[in-house]
Amino acid sequence: MKVKLISSTPNPELTIARAARLCYRRSYDEDMTLEKAQKLIQEIVARGHESVLEHASFTFLIEGISRAASHQLVRHRLASYSQQSQRYIHFKNPEFVIPPSIKENETLFDHFQEQIQKSSDMYQEMIKMGIAEEDARYILPQAITSQIILTANAREYLHILKLRLCSRAQWEIRMIATAILKILKELAPIIFENAGPPCATGICPEGDKGCGHPWSKR
Ligand SMILES: Cc1cc2nc3c(=O)[nH]c(=O)nc-3n(C[C@H](O)[C@H](O)[C@H](O)COP(=O)(O)OP(=O)(O)OC[C@H]3O[C@@H](n4cnc5c(N)ncnc54)[C@H](O)[C@@H]3O)c2cc1C
């Protein structure tokens, strides 16, 4: 799986801080420095004035994500997506994500691969028989990889990271969230300084379902 930034708002933190400043001034502050912006953004986030975070957006290409994980990702409704179509593309050499828990069990791993191969062979067979990709794909497992482009604004990323970096989130989407956070921290360190599940800065809302190991910032 690979997560790559393909575009983003230039100067995301200045853009957001200037927008926030405009709420309290008669004119747009073109000359605001990054030092001033830093203090303002920290105040905005602390006060919950989060709508201004919507002025910066980031677009990622995610390659090699399983359909099992991409289905979870696209549940985030305030983001935008473009995903490889299984209707229009014939996957001649499909690749598959195999969970670590299966990989580390040799017998299970072999069996898993056999089943995947069978599904894949039947998919190719159906296409040869003239069955359309949109129907042949019904035999493909959720492990099949896909490519997806994700665009969202900083507010939505904070939300996605809050849910998907939690230890209770599924391992593959957690890996994706971790890779996204690493890039976002480089681009907008002030905004994403405290990004993460609620336990990183406060109390776990999961109650007795919590993992008992607070997430640590990285
Ligand atoms: C650990 C975990 C387990 C999960 N298990 C399941 C499961 O078993 N079954 C299942 O179906 N899903 C499951 N989900 C998915 C979950 O229910 C959400 O669909 C997903 O996390 C997207 O979150 P969201 O709706 O808060 O975010 P987004 O869609 O990203 O929306 C962001 C925020 O915008 C607001 N918002 C967006 N749309 C609306 C709206 N229509 N009305 C009002 N407010 C809105 C809400 O405040 C929302 O939090 C799970 C998620 C996690 C993290």
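How many nonpolar, polar and charged residues does the shell around the ligand have? By class there are three nonpolar, two polar and four charged residues in that shell. Welcome to this predicted model, a chain of 218 residues whose secondary structure comes to eight helices and four strands. The points below go from the overall layout to the sheet, then to one helix, the ligand and a residue late in the chain.

**Overall layout**

- Reading from the N terminus, you will meet the elements in the order β-α-α-β-α-β-α-α-α-β-α-α.
- The C-alpha trace spans about 70 × 40 × 25 Å along its principal axes.
- Buried residues make up 26% of the 218 in the chain.
- Among contacts with a separation of 6 or more, 72% are between residues 24 or more positions apart.
- The domain assignment gives two entries: domain 1, made of 2-81 + 145-209, and domain 2, covering 98-139.
- Between the C-alpha centres of domain 1 and domain 2 there is a distance of 35 Å.

**The sheet**

- The four strands form an open sheet in the order β1-β2-β4-β3, and their pairing is antiparallel.
- β1 (2-8) and β3 are the edge strands, and each has a single partner strand, so one side of each is left without a neighbour in the sheet.
- From one strand to the next, the twist averages 20°.
- Nine bridges link β2 and β4, which pair in the antiparallel sense.
- Two places to look along this pairing are Thr 59, whose bridge partner in β4 is Thr 151, and Ser 57, which stands opposite Asn 153 in β4.
- On the other pairing of β4, strand β3 (residues 80-83) runs antiparallel to β4 and is joined to it by four bridges.
- Here Gln 83 is found opposite Ile 148 of β4.

**Helix α7 against the sheet**

- Helix α7 lies across β2 and β4, and it runs at about 125° to β4.
- Which residues of α7 (residues 154-164) are buried? They are Ala 154, Arg 155, Glu 156, Tyr 157, Ile 160, Leu 161 and Arg 164.
- The cover over these buried residues of α7 includes two strands, β2 (57-66) and β4 (145-153), along with the helices α1 (12-22) and α8 (171-187).

**Around the ligand**

- Arg 75, His 76, Arg 77 and Leu 78 are among the residues around the ligand.
- Glu 156, His 159, Leu 163, Arg 168 and Ala 169 complete the list of residues around the ligand.
- Glu 156 is worth a second look: it belongs to the residues around the ligand, and it is also one of the buried residues of α7.

**A residue late in the chain**

- Ser 216 sits in the segment that follows α8.
- Is Ser 216 buried or exposed, and why? Ser 216 counts as exposed because it has 8 C-beta neighbours inside 10 Å, and a residue is classed as exposed with 12 or fewer.
- Ser 216 and Arg 21 are 195 residues apart along the chain, and 32 Å separates their C-alpha atoms.

Terms used: Residues numbered from 1 in each chain as written. Predicted model: local features only at pLDDT ≥ 70, side-chain atom pairs only at ≥ 80, totals over all residues. Buried ≥ 20, exposed ≤ 12 C-beta atoms within 10 Å, placed from the backbone. Contact = placed C-beta atoms within 7 Å. Near = placed C-beta within 6 Å. Nonpolar A, V, L, I, M, F, W, Y, C, P; charged D, E, K, R; others polar. Pairing = 2+ DSSP bridges. Domains from an automatic or database assignment. Axes fitted to C-alpha atoms, helices over the stretch in contact; angles between N-to-C directions.
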